[in-house]
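Biologist: I am new to this structure and would like a close look at one part of it, the nonpolar core and its surroundings. Please take me through that part in one connected account.

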Amino acid sequence: MGNNTTTEVENVRKEQSIYETCGVCDCKREHGIHLYNLFICRDCEKEIIQTAPEDQQYHYFLKKLRNITQTKQFS
């Protein structure tokens, strides 16, 4: 009986998983990071970190990261 309950809970969690659209590759992913309002999937995060500034893809990442907007806090 305990195993069935565990399996049911795991199935519910899988169904409730939240997929977000990556702001870089535009794919729906479950895991990643948030930079202010922009979600970046783990794969893109790794690519961004490993890309050298002289690499052609670096400029692509810069363009995509310009979509980050910092929310203003009013006190």
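**The core and its surroundings**

Modeller: Isoleucine 40 is a convenient place to start: leaving out residues up to four places away in sequence, it touches Cys22, Val24, Gly32, Ile33, Leu35, Glu45, Ile48 and Leu65. The model is a predicted one.

Ile40 belongs to the largest nonpolar core, a set of eight residues that also takes in Cys22, Val24, Leu38, Phe39, Cys41, Cys44 and Phe61. Strand E4, which spans residues 38-41, supplies four of these residues, the largest share of the core. As a general matter, nonpolar side chains in soluble globular proteins tend to be buried together.

To place this core in the chain as a whole, the protein has three helices and four strands. Along the sequence they follow the order α-β-β-β-β-α-α. Of the 75 residues in the protein, 15% are buried. Among contacts with a separation of 6 or more, 27% join residues 24 or more positions apart. The accessible surface is about 6500 Å², and carbon and sulfur atoms account for 49% of that surface.

The core includes the cysteines Cys22, Cys41 and Cys44, which raises the matter of disulfides. A disulfide is a covalent bond between the sulfur atoms of two cysteines. Searching the whole structure turns up zero disulfides. Cysteine 25 is in none, and its nearest cysteine sulfur, that of cysteine 44, lies 3.7 Å away. Cysteine 44 is likewise in no disulfide, the nearest cysteine sulfur being that of cysteine 41 at 3.6 Å. Neither pair counts as a disulfide because the two sulfur atoms would have to be within 2.5 Å. The two cysteines also fall into separate classes of exposure: cysteine 25 is partly exposed, with a relative accessible area of 27%, while cysteine 44 is buried, at 5%. The dividing value here is 20%, under which a residue is called buried.

Phe61, another member of the core, leads to a residue outside the strands. Threonine 51 sits in the loop between helix H2 (42-50) and helix H3 (56-65). With neighbours within four places in sequence left aside, threonine 51 is in contact with Gln57, Tyr58 and Phe61. Threonine 51 is buried, with a relative accessible area of 12%. A polar atom of the threonine 51 side chain lies 2.5 Å from the backbone oxygen of glutamate 47.

Methods. Residues numbered from 1 in each chain as written. Predicted model: local features only at pLDDT ≥ 70, side-chain atom pairs only at ≥ 80, totals over all residues. Heavy atoms only, no water. Helix = DSSP H or I, 4+ residues; strand = E, 2+ residues; numbered from the N terminus. Buried < 20%, exposed > 50% of the residue type's maximum accessible area, 1.4 Å probe, protein only. Contact = heavy atoms within 4.5 Å. Areas by Shrake-Rupley, 256 points an atom, 1.4 Å probe, with all protein chains shown as cover. Core = buried A, V, L, I, M, F, W, Y, C linked by side-chain atoms within 4.5 Å. Polar contact = N/O pair within 3.5 Å; in protein donor to acceptor, adjacent residues only side chain to side chain.
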